[in-house]
Amino acid sequence: MPPLCEAETSRFIEITEGGHALRLHYNDTERGADTVIMLHGSGPGASGWANFHRNVEPFVNAGHRVILLDFPGWSKSDAIVSTGSRSDLNARMLQGLMDGLNIDKAHLVGNSMGAHSAVAFALAHPHRVGRLVLMGGGTGGTSSVVPMPTEGIKLIGALYRDPSIENLKRMLQVFVYDSSSLTEALMQSRLDNMLARRDHLENFVKSAAANPRQFPDVGHRLGEVGAQTLIIWGRDDRFVPLDIGLRLLAGLQNADLHVFSRCGHWAQWEHAEKFNRMVLEFLAGEA
């Protein structure tokens, strides 16, 4: 069987938010004994496929149906200005997707903003979550050891305001531990994705101006999350510091933490082979 590609798994669904129709893009492998939904981060030009293309095939081969949701304001999903909690907005989008596809329960794998959104969904719909995998996010708030906003978050903001190849390279240089893995082709593709939807870039800036706390701190509610959780962090994450992962570990009912050395903010990409093996074992109940 040929490898899965973005185009053949590309789908759209229309849901309602605040009385208005929103068209969301997602990728769906449409086969598997259970469902794993992967949720991307907030970087400009991000998408489910860009974030998780190194993970889809191994999960499908292990027997999972894999869905990659593009949140509103990213990739081919509709544009939106978020004036409240982006985490809660994304959780409602996830609910709409699962309702529309008649998915009662799913495992959630979230990176950065996707992890915030997964926790928000777990708080709102605890019985619809199987297991949680959270990388580089999950609760807001400040770090106890790193000045906030962090270096990486400042660079994301600069890139949204001025989407140039120079600013993109500055952000990606601190995004991963080993920036030599970032090819010119990858960076150009990411820039093309960004510039294809300038409305997404402009609306992100408008959203931050309307409400700087797009991802509120839910640390005081983490104890309500009963789903078994695997927290994965990069030791060298310059976007969301490691001590935020320790807050998740301390607050969640049933969580384990794995820290990758020589790893930045994109564990599922930088250490894809080990990440895939570890998460698949966790989802199978072997971790």
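The points below go through the strands, a buried aspartate, the salt bridges and two helices of this predicted model.

1. Basis of the note. The model is predicted, so that local features need pLDDT of at least 70 and side-chain atom pairs count only at pLDDT 80 or more, whereas totals for chains, interfaces and linings use all residues. Residues are numbered from 1 along each chain as its sequence is written, and side-chain values use heavy atoms, with hydrogens and water left out.

2. Strands β1, β2 and β4. Helices and strands here are DSSP runs numbered from the N terminus (H or I and at least four residues for a helix, E and at least two for a strand), and two strands pair if DSSP finds at least two bridges between them. By that rule β1 and β2 run antiparallel and are joined by eight bridges, with S10 standing opposite N27 in β2. The hairpin of β1 and β2 has two residues between the strands, and in this hairpin G18 takes a positive phi near 60°. Strand β2 also runs antiparallel to β4, to which it is joined by four bridges, and H25 has D70 in β4 as its bridge partner.

3. The surroundings of D70. This residue lies in strand β4, which covers residues 64–70, and D70 is buried (under 20% relative accessible area, where exposed is over 50% and partly exposed lies in between, with a 1.4 Å probe and protein chains only). D70 nevertheless has no salt bridge (a side-chain nitrogen of Lys or Arg within 4 Å of a carboxyl oxygen of Asp or Glu). The nearest side chain of opposite charge is that of K76, 6.2 Å away, where Lys and Arg count as positive and Asp and Glu as negative, while His and the chain ends are not counted.

4. Polar partners of D70. The D70 side chain makes a polar contact of 2.8 Å with the side chain of H25, and another of 3.2 Å joins the side chains of D70 and S75. A polar contact is a pair of N or O atoms within 3.5 Å; within protein, one must be able to donate a hydrogen and the other to accept it, and residues adjacent in sequence count only if both atoms are side-chain atoms. Leaving aside residues up to four places away in sequence, D70 touches L24, H25, H40, S47, G48, S75, K76 and S77, where contact means heavy atoms within 4.5 Å.

5. Salt bridges between β-strands and helix α4. The structure holds eleven salt bridges. In one of them the side chains of R92 and E17 meet at 2.9 Å, N to O, and this pair links distant parts of the chain, with R92 in helix α4 and E17 in strand β1 (residues 10–17), 75 residues apart. R92 counts as partly exposed at 39% relative accessibility, whereas E17 is buried, with a relative accessible area of 19%. In another, R65 pairs with D28, the closest N and O atoms being 2.6 Å apart; R65 lies in strand β4 and D28 in strand β2 (residues 20–28), so this pair ties together parts that are 37 residues apart in sequence. R65 counts as buried at 18% relative accessibility, and D28 is buried too, with a relative accessible area of 2%.

6. A salt bridge between two helices. The side chains of E184 and K169 meet at 3.6 Å, N to O, which links helix α8 (residues 184–196), where E184 lies, to helix α7 (residues 165–175), where K169 lies, the two residues being 15 residues apart. E184 counts as exposed at 53% relative accessibility, while K169 is partly exposed at 30%.

7. Helix α5 and its neighbours. Helix α5 (residues 113–124) has twelve residues and reaches 17 Å from its first C-alpha to its last, close to the 16 Å expected, the expected span being 1.5 Å times one less than the number of residues. Eleven of its twelve residues are buried, so α5 is largely enclosed by the rest of the structure. The buried residues of α5 pack against β3 (34–39), α4 (86–100), β5 (106–111) and β6 (129–135). Of these neighbours, β5 and β6 run parallel and are joined by five bridges, with V129 in β6 as the bridge partner of A106, and β6 is mostly covered, six of its seven residues being buried.

8. Helix α12. The twelve residues of helix α12 (residues 272–283) should span 16 Å, and its end C-alpha atoms are 16 Å apart, which agrees. Its buried residues include A272, F275, N276 and M278, and just after α12, G285 takes a positive phi of about 85°.
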